[in-house]
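Me: Please take a close look at one part of this model for me: the contact between the protein chains. I'd like to see how it connects with the rest of the picture.

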Number of protein chains: 2
Amino acid sequence: MESLPYPLPDDLVELIARRFHVLGEPSRIRVLDRLRGGERSVSELAAELGAGQQNVSKHLSVLTGAGILARRKDGNHVYYRIVDDRVLGLCEQVCGSLEQQLQSLALIVGGPA
Amino acid sequence: MESLPYPLPDDLVELIARRFHVLGEPSRIRVLDRLRGGERSVSELAAELGAGQQNVSKHLSVLTGAGILARRKDGNHVYYRIVDDRVLGLCEQVCGSLEQQLQSLALIVGGPA
DNA sequence: CACCTGTACAACTGATTTGTGTTATAGTTG
DNA sequence: CAACTATAACACAAATCAGTTGTACAGGTG
């Protein structure tokens with residue numbers, strides 16, 4: 001694990017923030033959640049998420065533009081899949097942080113007996 | 001590494017997105033970058049980042065509210081530090097993704113000879 | 001060929017959020 | 001009192017999300 005330069009160059013700061021920003025929308029997290037189970041087409045995602053086709057298409061476009069998803073065309077459908085496996089790791093790490101915070105809160109609220 | 005429930009509950013989706021959203025601002029990434037080197041006071045950060053005191057204070061408040069930073073009062077100054085070490089891991093992972101994408105692009109542009 | 005479907009894209013609206021900046025105030029500490 | 005910090009209120013600009021509508025393109029089907 002190489003460590004990052006200090007201070008971070010402005011360009012890199014922007015890229016990092018942009019990546020986080022892409023993941024900072026609940027709708028897109030839900031899309032990624034669905035894609036954990038494998039490829040999905042736009043219409044499948046739209047149906048499962050209860051969202052409009054154009055809207056889902058937009059979010060998929062953002063995620064694909066960020067290099068997180070890739071598309072595969074099969075006949076009349078376009079299937080999206082996760083190509084940047086690390087995003088799932090990111091989500092898991094975030095959940096780990098959240099869990100830890102909840103435990104700390106529980107200690108404060110409940111007290112250590 | 002425990003795997004996440006499927007589908008992710010809506011509450012968790014919101015929490016994950018919120019965490020990413022907090023990190024999705026360049027100014028806050030810069031703050032975290034500075035805090036990698038250890039504690040900093042508000043005025044130090046404001047000076048180093050060339051931002052206003054109130055602005056820096058707001059960002060610090062957001063990061064602290066998210067459980068990422070903690071404050072320590074020493075006399076006249078308030079020093080902030082990173083308490084959620086995982087955020088640095090997150091940034092490193094993001095940088096890893098970015099690097100990988102750049103390499104893929106280089107392969108496409110430059111070609112494998 | 002004509003037609004339907006799935007998808008992408010563009011434009012527009014409306015609502016919301018957010019960051020920055022400014023100003024002012026208040027608390028705390030030296 | 002002076003310095004550091006937090007907070008609030010306000011203005012302004014910018015981004016963005018959802019929703020809608022329309023369109024265009026490609027693929028499949030009859």
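Reply: Along its sequence, chain A runs α-α-β-α-α-β-β-α, which amounts to five helices and three strands. Helices here are DSSP runs of H or I with at least four residues, strands are E runs of at least two, and both are numbered from the N terminus. This is a predicted model, in which local features need pLDDT of at least 70 and side-chain atom pairs count only at pLDDT 80 or more, while totals for chains, interfaces and linings use all residues. Residues are numbered from 1 along each chain as its sequence is written, chains are lettered from A, and ligands are numbered from 1, in the order in which they are written.

The overall dimensions of chain A make a good starting point. Its radius of gyration is 18 Å, whereas a compact globule of 113 residues would be near 13 Å; the radius is taken over C-alpha atoms, and the globule rule is 2.2 Å times the number of residues to the power 0.38. Along the principal axes, the C-alpha atoms of chain A fill a box of roughly 60 × 40 × 25 Å. Of the 113 residues in chain A, 28% are buried, meaning that 20 or more other C-beta atoms lie within 10 Å of the residue's own (12 or fewer would be exposed, in between partly exposed, with C-beta atoms placed from the backbone).

Now to the contact itself. Chain A contributes 36 residues and chain B contributes 36 residues, where a contact is a pair of residues whose C-beta atoms, placed from the backbone, lie within 7 Å. On the chain A side, H1, H2 and H5 each give two or more residues, and H5(A) has the largest share with twelve. By class, that side holds 18 nonpolar, nine polar and nine charged residues. The classes are Ala, Val, Leu, Ile, Met, Phe, Trp, Tyr, Cys and Pro as nonpolar, Asp, Glu, Lys and Arg as charged, and the others, Gly among them, as polar.

How do the copies relate? A turn of 180 degrees and a shift of 0.0 Å along the axis lay chain A on chain B with an RMSD of 0.0 Å, which is the relation of a two-fold axis. The same surface serves both copies, as 100% of the contact residues of chain A recur in chain B. The superposition is by least squares on the C-alpha atoms of residues with pLDDT of at least 70 in both copies.

The core is worth a look alongside the contact. A nonpolar core is a set of buried Ala, Val, Leu, Ile, Met, Phe, Trp, Tyr and Cys residues joined through C-beta atoms within 7 Å. The largest one has 45 residues, with A:Ile16 and B:Ile16 touching the most other members. Helices H1, H2, H4 and H5 of chain A and H1, H2, H4 and H5 of chain B each supply at least two of its residues, and H1(A) gives the largest share, six. Setting aside residues up to four places away in sequence, A:Ile16 touches B:Ile29, B:Cys91, B:Val94 and B:Cys95. From the other chain, B:Ala17 sits in helix H1 of chain B and is buried because 21 other C-beta atoms lie within 10 Å. Beyond its neighbours within four places, B:Ala17 is in contact with A:Gly24, A:Glu25, A:Pro26 and A:Ile29.

Both chains also meet the DNA. Around strand C there are 22 residues, of which A:Ser41, A:Val42, A:Ser43, B:Ser27 and B:Gly75 come nearest; being near means that a C-beta atom, placed from the backbone, lies within 6 Å. That surface has four nonpolar, 15 polar and three charged residues, and H4(A) provides its largest share, five residues. DNA strand D is surrounded by 21 residues, the closest being A:Ser27, A:Gly75, B:Ser41, B:Ser43 and B:Ser57. Here the largest share, five residues, comes from H4(B), and the division is four nonpolar, 15 polar and two charged.

One last detail concerns the backbone. Most peptide bonds are trans. The bond between A:Tyr6 and A:Pro7 is cis, with omega about -5 degrees, and A:Pro7 lies in the segment before H1 of chain A. A cis bond also joins B:Tyr6 to B:Pro7, with omega near -5 degrees.

Note on methods
Two residues are in contact if their C-beta atoms, placed from the backbone, lie within 7 Å.
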